[in-house]
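Biologist: I should like to go through the ligand sites of this structure with you. Could we begin with the organic ligand and then turn to the metal?

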Amino acid sequence: MKTRAAVLWEVGKEWSVEEVDLDEPLAGEVRVKLASSGLCHSDEHLLTGDLPSPIPIVGGHEGAGIVEAVGPGVSSLKEGDHVVLGFIPSCGRCEACSTGHQNLCDLGALILSGEELAGGQRIHAKGHDIGTMCCLGTFSPYVVVHESSAIKIEDYIPLDKASLVGCGVTTGVGSAIYAGGTRSGDTVVVVGCGGIGVNAIQGASIAGASQIVAVEPVPFKLEQAKNFGATHFASSIEDALPLVQEITWGKLANVAIITTGVATGDLLAPTLGLVGKMGKVVVTAISPWLQSDVQLSLLDLTLYQKEIRGSIFGSANPRYDIPRLLKWYMDGRLKLDELITRTYVLDEINQGYQDMRDGRNIRGMITFD
Ligand code: CXF
Ligand code: ZN
């Protein structure tokens, strides 16, 4: 079929919205008509080259919609099912999936490969075969994805909001609850209050943290952090230190989560300095792929028995946590509506990303008809 999609043809250039050919689903694949796509910072990482991926590529990895066509052999989905797309596939059979670590599914190795999970590409334009971000490519009203990437949800859940749990919401909430292991009464610091950070804040709040320190230089984002449960505010890590010392009576924080738009090595040492004995630093933000320089006090790490832990998808299990978080939303425990600063049509995608760069949105969202 013919559809439209935002394609990145060259690193450093803008998204180009154009007509593309989309193949029929092959074995194990489904076509989904999307309701919305979130504008996540990781797609911006493709554009800057911080994340390596073959191009051309159709961006977008936060989507939800309705299954419209089913390829041969699909067993978990049927036409008409409502689904959220997970940016990490979950096959359910590999060692990671079968031991409760679906966020580390073996198929995840393919999400930046430029190839679909079943091999090859399903999108074609201007004589090129075009890959998709995270084997999804949600910057298009229609996607053909493998069933390993689609999670069935209840029909009454608003699909536009649901797309956000495919990446940003679960990544943030899970970083606080799972990766950080936040417990009732804890002090949690969240460094960077964009689309992931505000969700780390609401995750910490749900887990019962009593003090949540938002660290963010952009005043609009700090204001948003307050709406999601932050109790204390600092515009830099340096300013956060005396604040955290004061509010914890010198014990320092239990958990600090790095959710900046880009992670850099120089953030590690001062963030490690914000947590106390047995404190955890969770590195959720994505760093440029060639970034490898980190300097920190190993003695601090050892003597205070601290931990530094990376986390992908908030260490959550897509097939368990996506429906679970949506239940929390329907029960009024998790905020999704408030995350969406502005919606855009597909043709406005570059405006959406400019607003992100300018600190004018927490989560921009493309809505389709
Ligand atoms: C990213 C993580 C690195 C690969 C692409 C997706 N996560 C979410 O934004
Ligand atoms: Zn994302």
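**Ligand sites**

Modeller: In this predicted model, ligand 1 is surrounded by C40, S42, L51, H61, F87, I111, M133, C134, C167, I286 and I312. The protein covers 91% of the 270 Å² of accessible area that ligand 1 has on its own. The space that ligand 1 takes is the largest pocket.

Biologist: How many residues of the shell around ligand 1 are nonpolar, polar and charged?

Modeller: The shell includes L51, F87 and I111. Sorted by class, the residues around ligand 1 comprise no charged, two polar and nine nonpolar members.

Biologist: Which oxygen contact does the side chain of S42 make, and at what distance?

Modeller: H61 places a polar side-chain atom 3.1 Å from an oxygen atom of ligand 1. For S42, the partner of a polar side-chain atom is likewise an oxygen atom of ligand 1, at a distance of 2.4 Å.

Biologist: Why is the arrangement around the zinc ion (ligand 2) given the name it has?

Modeller: The protein donors to the zinc ion are SG of C40, NE2 of H61 and SG of C167, at 2.0 to 2.2 Å. Along the chain, the donors follow the spacing C-x20-H-x105-C. Because the four donor atoms around the zinc ion subtend angles of 95 to 129°, the arrangement is tetrahedral.

Key. Residues numbered from 1 in each chain as written. Chains lettered and ligands numbered in written order. Predicted model: local features only at pLDDT ≥ 70, side-chain atom pairs only at ≥ 80, totals over all residues. Heavy atoms only, no water. Near = heavy atom within 4 Å. Polar contact = N/O pair within 3.5 Å; in protein donor to acceptor, adjacent residues only side chain to side chain. Areas by Shrake-Rupley, 256 points an atom, 1.4 Å probe, with all protein chains shown as cover. 1 Å grid on protein atoms, 1.4 Å probe; cavity = no way out; pocket = protein on both sides within 12 Å on 5 of 7 lines; lining within 4 Å. Sits in = over half its atoms within 2 Å of the grid points. Nonpolar A, V, L, I, M, F, W, Y, C, P; charged D, E, K, R; others polar. Donors = N, O, S within 2.8 Å, 3.2 Å for Na, K, Ca; no water. Tetrahedral: all angles 85-135°; square planar, octahedral: opposite > 155°, others 65-115°.
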